[in-house]
Amino acid sequence: MSLKNKKIILSEQDIPKQWYNIQADLPAPLEPAFNSRTGKIATKDDLCQIFPEEIVEQEVSRERWIDIPEEVRDIYKIWRPSPLIRATNLEKFLDTPAKIYFKNEGVSPSGSHKSNSAVAQVYYNKKAGTKRIATETGAGQWGSALAMACKMFGIECVVYMVKVSFQQKPYRKSLMQVYGANVYASPSTQTEAGRKILEKDPDCSGSLGIAISEAIEDVITHENAKYSLGSVLNHVAMHQTVIGLEAKKQMEIAGDYPDIVIACLGGGSNFSGMAFPFIMDKINGTHKNLRAIAAEPSACPKLSKGVYAYDYGDLSGFTPAFKMYTLGHTFMPSAIHAGGLRYHGASPLVSAIVKEKLAESVVVKQREVFEAAVTFARCEGILPAPESSHAIKVAIDEALKAKEEGKAKTILFNLSGHGHFDLTAYEQYLSGQIQDCDYSEEEVQKALKDLPKVNI
């Protein structure tokens, strides 16, 4: 198998100058967010209580292209454009006629795609005079990215890290602290929300929904403080489209276009970033047969097993209710090692796109994910994050399917982050300790009973 260039590198001048906002191209507008406290549709003023105004404007905008500030692009130059790599060794190992490409977002200083939105969000907070930013993090990629961005712009950073990941990934916590952040295991004793949960369950392993509640409470109880979210919301999905926009340029240089685009799905930021610029081509009819696949863990499969309904983004109901695929905001997923995917709901944008059948979801199990990760590492030399490895598993499955069908398909997936802080998980897999975790239908049905009552 010959290939002139294994990786395609763009110049800094090719960093996108605008983010792509898929809201402009949706078949129908998103359902509005709902403020359960007022019983009315959430307003910009409601959102401005926790986000800076320019972020709120991006959240509700239906403009197709939003300019990226030069200050943000200058920082992007530290790691962007990220390389597009042809996985030739993996192709050879699988003996597949498929071509497999991946975008390596693990080259960012924080080790994942999360830096793309962190820098943008902190920039807008700095402009608005914010002194303190509070956030949550699952596996720690988002917390690391925000801590780095806050240090660059001189803003205090407070991170509530889901307890199971806090314990499994201590060096993620250390990296955040190197960047100057204060990091707490969530549920914590720092907030009323955390204390209430610990009273009921002192051994609670935490969830992103709990950590979000704590971060928002932190914002409400401190002056000049704002909240920052690493996934789910529209502006975050938009910031991440630099990934797919670069990938389109790189695929053009390769003289190719993907038949299948794949990314893992937690809240939806990295799937949005990779897939949305390509789904634009599906919507406008230039590539009608494109398949966009969101890879979900069997422990938390909201797109595949959840309901499309209004739900809160956090456990305590501090956030507005959004229309999305959800397992219920009180759902407590298993303590899987892909901590960044342990979230009960999917981005409203991703949910709407799946509802319109512009994208699909696939569920994979934890052990087969690590098997795929080890195969990839041994073929391509890059240790992937457990989250990213969900996409690798689906890419391998699709490549083998192409082999069975005798079809030369082009597969593109997002390697959203490296796994250097996940070696404990790899050690457990290699020693046979990793177990599959399926979601409990009984627990999901119990959580769905707590969905907010919305009358719009």
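**Close-up views of a predicted model**

**View 1. An open sheet of 7 strands.** The strand order is β1-β6-β7-β17-β12-β13-β16, and the pairing is mixed. Two strands form the edges, β1 (7–8) and β16 (360–364), each pairing on one side only. The model shown here and in the other views is predicted.

**View 2. The β1 edge.** β1 pairs with β6 (residues 84–86) in the antiparallel sense. The pairing covers 2 bridges. Lys7 stands opposite Ile85 of β6.

**View 3. Two helices across the sheet.** Helix α12 spans residues 242–253 and lies across β1, β6, β7 (99–104) and β17 (410–415). Its direction makes an angle of about 140° with β7. Helix α13 (residues 269–283) lies across β7, β12 (260–264), β13 (291–297) and β17. Helix α13 runs at about 160° to β12.

**View 4. Ser298 in its loop.** Ser298 sits between β13 and α14 (302–305). Its relative accessible area is 5%, so Ser298 is buried. Leaving aside residues up to four places away in sequence, Ser298 touches Val363, Val364 and Lys365. Its other contacts on that count are Cys437, Asp438 and Tyr439.

**View 5. Cysteines without a disulfide.** The whole structure was searched, and 0 disulfides were found. Why is Cys157 not bonded to Cys150? The sulfur of Cys150 is the closest cysteine sulfur to that of Cys157, but the distance is 4.1 Å, too far for a bond. The cut-off for a disulfide is 2.5 Å between the sulfur atoms. Cys157 is buried, at 3% relative accessibility. Cys300 is also buried, at 0%.

**View 6. Two cis peptide bonds.** The bond from Arg80 to Pro81 is cis, with omega near -5°. Pro81 lies in the loop between α3 (70–76) and β6. The bond from Ser186 to Pro187 is cis as well, with omega near 10°. Pro187 belongs to the loop that links β10 (182–186) and α9 (192–200).

**View 7. Positive phi at Asp95 and Asn224.** Asp95 is not a glycine, yet its phi is positive, at about 55°. Its loop runs between α4 (88–94) and β7. Is Asp95 buried or exposed? At 53% relative accessibility, Asp95 is exposed. Asn224, also not a glycine, has a positive phi of about 50°. Asn224 occupies the loop between α10 (208–220) and β11 (225–227). Its relative accessibility is 49%, so Asn224 counts as partly exposed.

Note on methods
Residues are numbered from 1 along each chain as its sequence is written. This is a predicted model: local features need pLDDT of at least 70, side-chain atom pairs count only at pLDDT 80 or more; totals for chains, interfaces and linings use all residues. Side-chain values use heavy atoms; hydrogens and water are left out. Two strands pair if DSSP finds at least two bridges between them. Helices (H or I, at least four residues) and strands (E, at least two) are DSSP runs, numbered from the N terminus. Contact means heavy atoms within 4.5 Å. Axes are lines fitted to C-alpha atoms, for helices over the stretch in contact, and angles run from 0 to 180 degrees between N-to-C directions. Buried means under 20% relative accessible area, exposed over 50%, partly exposed in between (1.4 Å probe, protein chains only).
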